[in-house]
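Dear colleague,

I am passing on to you the structure we talked about, since you will be looking at it for the first time. Please open it below and keep it in view while you read.

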Amino acid sequence: MCGIAGFVGPGSEQHLQAMSDAMIHRGPDGSGTLIDRPNGVFLAHRRLAILDLAGGEQPMWNEDQQVCVVFNGEIYNHLDLRNALLAKGHVFRSDHSDTEVLVHGYEEWGEDLPQRLNGMFAFAVYDRPRKRLFIGRDRFGKKPLYYSARKGFFGFASELSALHKHPQVARDIDEKSLQKYFAYGFIPAPNSLYRGVAKLPGGHWISYDIANGAMVQR
């Protein structure tokens, strides 16, 4: 179990650190951050080392430092995907990392990446040249991913407690979602307990344009 969090827009390194600290129970083996101030991009990762015991630190970049990822989960078919990407000329720094497959997979397939993945996952890719943040979740929704979007701001995290460490994220209870919880025993996606915060449904992704704030979800 790892944890991911981040935001685009107003905020500080202290806000990012608070989001990361709120997930320390998800990743006691290490942490990493990315701060790109000119583009207003802040990413954090809490690490539980299982598969990438060595060399699995995140955020993880591609070889030219243009695309990076923070990732929670496991990609079961990562060896097959690695071989396909090697055949297309991609250069890997490791010989085992499923995280690195996500970086090169996004470079090669873009928005089609999630449908090629067999596993349980929640991830966020930062595409610096295109000024884009791309987040996705596995088909069965095994790994959690919440987000909050408002004018000039987009934030996400594995847990509500982490997302709420950012002052741009509202804490108002959504009464309809609370009713669903009492009726069903859980809150179905895309609802969450709070107004202005959504749970990304399983098998869906969001592309957020950092330059103009446009968001596409599928």
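The notes that follow go through the strands, the cores, the salt bridges and one stretch of surface.

Please bear in mind that this is a predicted model, in which local features need pLDDT of at least 70 and side-chain atom pairs count only at pLDDT 80 or more, while totals for chains, interfaces and linings use all residues. Residues are numbered from 1 along each chain as its sequence is written, and side-chain values use heavy atoms, with hydrogens and water left out.

I begin with the strands. Helices and strands are DSSP runs numbered from the N terminus (H or I of at least four residues for a helix, E of at least two for a strand), and two strands count as paired if DSSP finds at least two bridges between them. An open sheet of 6 strands runs in the order β4-β5-β6-β7-β11-β12, with antiparallel pairing. Its edge strands are β4 (60-61) and β12 (215-217), each of which pairs on one side only. At the β4 edge, 2 bridges join β4 to β5 in the antiparallel sense, and M60 has V69 in β5 as its bridge partner.

Strand β9 deserves a closer look. It is antiparallel to β1, with 4 bridges between the two, and V8 stands opposite F154 of β9. Strand β8 (residues 146-150) is joined to β9 by 5 bridges, again antiparallel, with R150 opposite F153. The hairpin of β8 and β9 has 2 residues between the strands, and G152 takes a positive phi there, near 80°. In a regular strand the side chains alternate between the two faces of the sheet. In β9, F153, G155 and A157 point one way and F154 and F156 the other way, and all are buried, where buried means under 20% relative accessible area, exposed means over 50%, and partly exposed lies in between (1.4 Å probe, protein chains only). Because 5 of the 5 residues of β9 are buried, this strand is largely enclosed by the rest of the structure.

The cores come next. A nonpolar core is a set of buried Ala, Val, Leu, Ile, Met, Phe, Trp, Tyr and Cys residues joined through side-chain atoms within 4.5 Å. The largest one has 22 residues, of which L43, Y126, L133, I135, F154 and F156 touch the most other members. Two or more residues come from each of β1 (3-8), β3 (41-47), β5 (67-75), β6, β7, β9 (153-157) and β11 (205-209), and β6 gives the most, with 3 residues. Apart from this core lies another, of 20 residues, including F71, I75, F92 and F123.

How many salt bridges does the structure hold? There are 5 salt bridges, each being a side-chain nitrogen of Lys or Arg within 4 Å of a carboxyl oxygen of Asp or Glu. In one of them, the side chains of R128 and D36 meet at 3.9 Å, N to O. This pair links distant parts of the chain, with R128 in the loop between β6 and β7 and D36 in strand β2 (residues 30-36), 92 residues apart. R128 is partly exposed, at 27% relative accessible area, whereas D36 is buried, at 8%. D127 forms a salt bridge with R130, and their closest N and O atoms are 3.0 Å apart; here D127 is buried, at 1%, while R130 is exposed, at 55%.

Finally, the surface around α6. I173, L178, Y181 and F182 make a nonpolar surface patch of about 390 Å². Patches are made of residues with over 30% relative accessible area and no salt bridge, with like charges joined within 9 Å and nonpolar side chains (Val, Leu, Ile, Met, Phe, Trp, Tyr) within 5 Å; the areas come from the Shrake-Rupley method with a 1.4 Å probe, and for residues only the protein chains shown count as cover. I173 is found in the loop between α5 (160-163) and α6 (175-184) and is partly exposed, at 36% relative accessibility. Of the 10 residues of α6, the number buried is 1, so this helix lies largely in the open. After α6 comes G185, whose phi is positive, near 85°.

With kind regards
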